[in-house]
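Got your viewer open and your selection box ready? Here is a short tour, one stop at a time.

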Protein chains: 2
Amino acid sequence: MGEIMEVKLLGVWYSPYAIRPKIALHLKSVEYDYVEEDLFGSKSELLLKSNPVYKKVPVLIHNNTPVCESLNIVEYIDETWNSSGPSILPSHPHDRALSRFWSSFVDNKWFPALKLAAITKSEDAKAKAMEEVEEGLLQLEDAFVSISKGKPFFGGEAIGFMDICLGSFLVLLKAREELKGEKLLDESRTPSLCKWAGKFLSDDTVKNVVPEINKVAEFLRELEVRAQSAASRS
Amino acid sequence: MGEIMEVKLLGVWYSPYAIRPKIALHLKSVEYDYVEEDLFGSKSELLLKSNPVYKKVPVLIHNNTPVCESLNIVEYIDETWNSSGPSILPSHPHDRALSRFWSSFVDNKWFPALKLAAITKSEDAKAKAMEEVEEGLLQLEDAFVSISKGKPFFGGEAIGFMDICLGSFLVLLKAREELKGEKLLDESRTPSLCKWAGKFLSDDTVKNVVPEINKVAEFLRELEVRAQSAASRS
């Protein structure tokens, strides 16, 4: 009995989190159907049914079984298609633990600070959050130097788990740079991450998957206009 | 050349997070030195050096190399001692993804709500957080029924990853019950989790590792007294 393998990814085009499983699927040469969700309109029945806890993208649906949470999906892809394409997580337990440690740092400490800085109304809170963001980038610079050991990626010669995790935010950072002139990755403070970012964004797999920087900048501008007009109405 | 294997665990006796690697090491029959940290006095040089990012316990130090973050340590133990003792994570990628999804739910959504409820001064915020805690337990009840398929643990016949994750909080819940008469795991609302909790806490490995409920209750009482006297001084 031949099994029909069906792989579907629910995402939104501008989401850093949705970029992650896309890169992983491309690295593993897995064919999939991509379904664009409309988070500003109404979420699809499929999304609500597949991720009842968070109702968020991305969701990977593999043979009708959903997997939620972006890095969880990337690990699932790595383990499910373990014989096709490069390994996404390193092979040694200690290197795997380092990848998971730093990716959790990015998702649970560094990016929440950046998000807070973007949305808070308090100038004090914004300044404090931006300090955390910059301090976090210095820590990530050190982590990169120590983990990559002179190679181009956290994953060594090829893109790995931690590259996907942090790299998924690069388009957003570049879009903020375009919009606000705010340069977070800076040649003098984080030279290795700057070089890494260039390599990551010009990688063939990544180039085909990430949205265009100016489109994301345009989208962020629209979000700000909406937020301002909502604030002026209230 | 014989390698001297040195395994050291830095923890504090009352920490749910420090219970996790202890259970994992016991499941894998790994001998280790346990070092009790004093988080109210001064943290040891070893802790500060081993976990410079968070400066928190638990830290596992294996042959001088530190691994931080409790669930990350449990995965590391599972992968490093993969041929001794039972597997902690399930073998199928989808079951692994489910374990990781629900453990992230516990650590990033459910427990933060319980923590907020415990420390907030606002009665509204407390009530809202407790609603989230109770709603979370209903979701975990459903998850347990669906994942365990009639077996005693999330991990099936034996304690697995998600059992360690949620189970590590049980002593704290029981201590709060003793202290405040607050019964979060309730026979009528979460019957399967109640039964699971009983099985988990009476498991031989767990019994040897978790602190006594009345000692934790006493510790929580002291913390409250300290917080009140600090508040009355300020």
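Start with a hole: select A:Leu170, A:Leu173, A:Lys174, A:Glu177, A:Glu182, A:Leu184 and A:Leu185, which line the largest cavity. Keep in mind that what you are looking at is a predicted model. That cavity holds about 60 Å³ of space, and the structure has 4 cavities of 30 Å³ or more.

**Stop two: a glutamate in the lining**

Stay put and pick out A:Glu182, one of the lining residues. You'll find A:Glu182 in the loop between α7 and α8 (191-202) of chain A. Is A:Glu182 buried or exposed? With a relative accessible area of 19%, A:Glu182 falls under the 20% cut-off, so it counts as buried. Now show the side chain of A:Arg176: a polar contact of 2.8 Å joins it to the side chain of A:Glu182. Leaving aside residues up to four places away in sequence, A:Glu182 touches A:Met130, A:Arg176 and A:Glu177.

**Stop three: stacked rings**

Next, colour the aromatics. Over all chains, the structure holds 38 aromatic pairs. For one of them, select A:Phe111 and A:Phe169, whose rings are stacked, with 4.1 Å centre to centre and 20° between the planes. Which parts of the chain does this pair link? A:Phe111 belongs to helix α4 (residues 93-119) of chain A, while A:Phe169 lies in the loop between α6 (161-167) and α7 (170-180) of chain A, so you are looking at distant parts of the chain, 58 residues apart. Turn on a surface and both partners turn out to be buried: A:Phe111 has a relative accessible area of 10%, and A:Phe169 comes in at 1% relative accessibility.

While the rings are coloured, add A:Trp13, A:Tyr14, A:Phe40 and A:Phe219, which form one aromatic cluster.

**Stop four: lysine over tyrosine, in both chains**

Select A:Lys22 and A:Tyr34. The charged end of A:Lys22 sits over the ring of A:Tyr34, 4.2 Å from its centre. Then hop to chain B, where the charged end of B:Lys22 sits over the ring of B:Tyr34, 4.2 Å from its centre.

**Stop five: a covered helix**

Stay in chain B and select helix α3 (residues 70-80). How many of its 11 residues are buried? The count is 10, and the helix is mostly covered. Among the buried ones are B:Leu71, B:Ile73, B:Val74 and B:Tyr76, along with B:Glu75 and B:Asp78. Bring both chains into view for the packing: the buried residues of α3(B) pack against α4 of chain A, as well as α1 (16-27), β3 (59-62), β4 (65-68), α4 (93-119) and α6 (161-167) of chain B.

**Stop six: α7 of chain B and a leucine**

Move along to helix α7 (residues 170-180) of chain B, where B:Leu170, B:Val171, B:Leu172, B:Leu173, B:Ala175 and B:Arg176 are the buried residues. They pack against α1, α4, α5 (123-148), α6, α8 (191-201) and α10 (213-233) of chain B. Just past the helix, click on B:Gly181, which follows α7(B) and has a positive phi, near 65°.

Finish at B:Leu201 in helix α8 of chain B. B:Leu201 counts as buried, at 18% relative accessibility. Show what surrounds this leucine: not counting residues up to four places away in sequence, B:Leu201 touches B:Leu170, B:Val171, B:Lys174, B:Val206 and B:Lys207. For a last distance label, pick the C-alpha atoms of B:Leu201 and B:Ser168, which are 33 residues apart along the chain and separated by 9.5 Å.

How values were computed:
Residues are numbered from 1 along each chain as its sequence is written. Chains are lettered from A and ligands numbered from 1 in the order in which they are written. This is a predicted model: local features need pLDDT of at least 70, side-chain atom pairs count only at pLDDT 80 or more; totals for chains, interfaces and linings use all residues. Side-chain values use heavy atoms; hydrogens and water are left out. Rings of Phe, Tyr and Trp (its six-membered ring) pair if their centres lie within 6.5 Å; planes under 30 degrees apart count as stacked, over 60 as edge-to-face and the rest as tilted. Helices (H or I, at least four residues) and strands (E, at least two) are DSSP runs, numbered from the N terminus. Buried means under 20% relative accessible area, exposed over 50%, partly exposed in between (1.4 Å probe, protein chains only). A charge sits over a ring if NZ of Lys or CZ of Arg is within 6 Å of the ring centre and within 35 degrees of the ring normal. A polar contact is a pair of N or O atoms within 3.5 Å; within protein, one must be able to donate a hydrogen and the other to accept it, and residues adjacent in sequence count only if both atoms are side-chain atoms. Contact means heavy atoms within 4.5 Å. On a 1 Å grid over the protein atoms alone, a cavity is a set of points where a 1.4 Å probe fits but cannot get out, and a pocket is an open set with protein on both sides within 12 Å along at least five of seven lines; lining residues have an atom within 4 Å of a point. Grid points are joined across faces, edges and corners, and a volume is the space filled by probe spheres set on the points.
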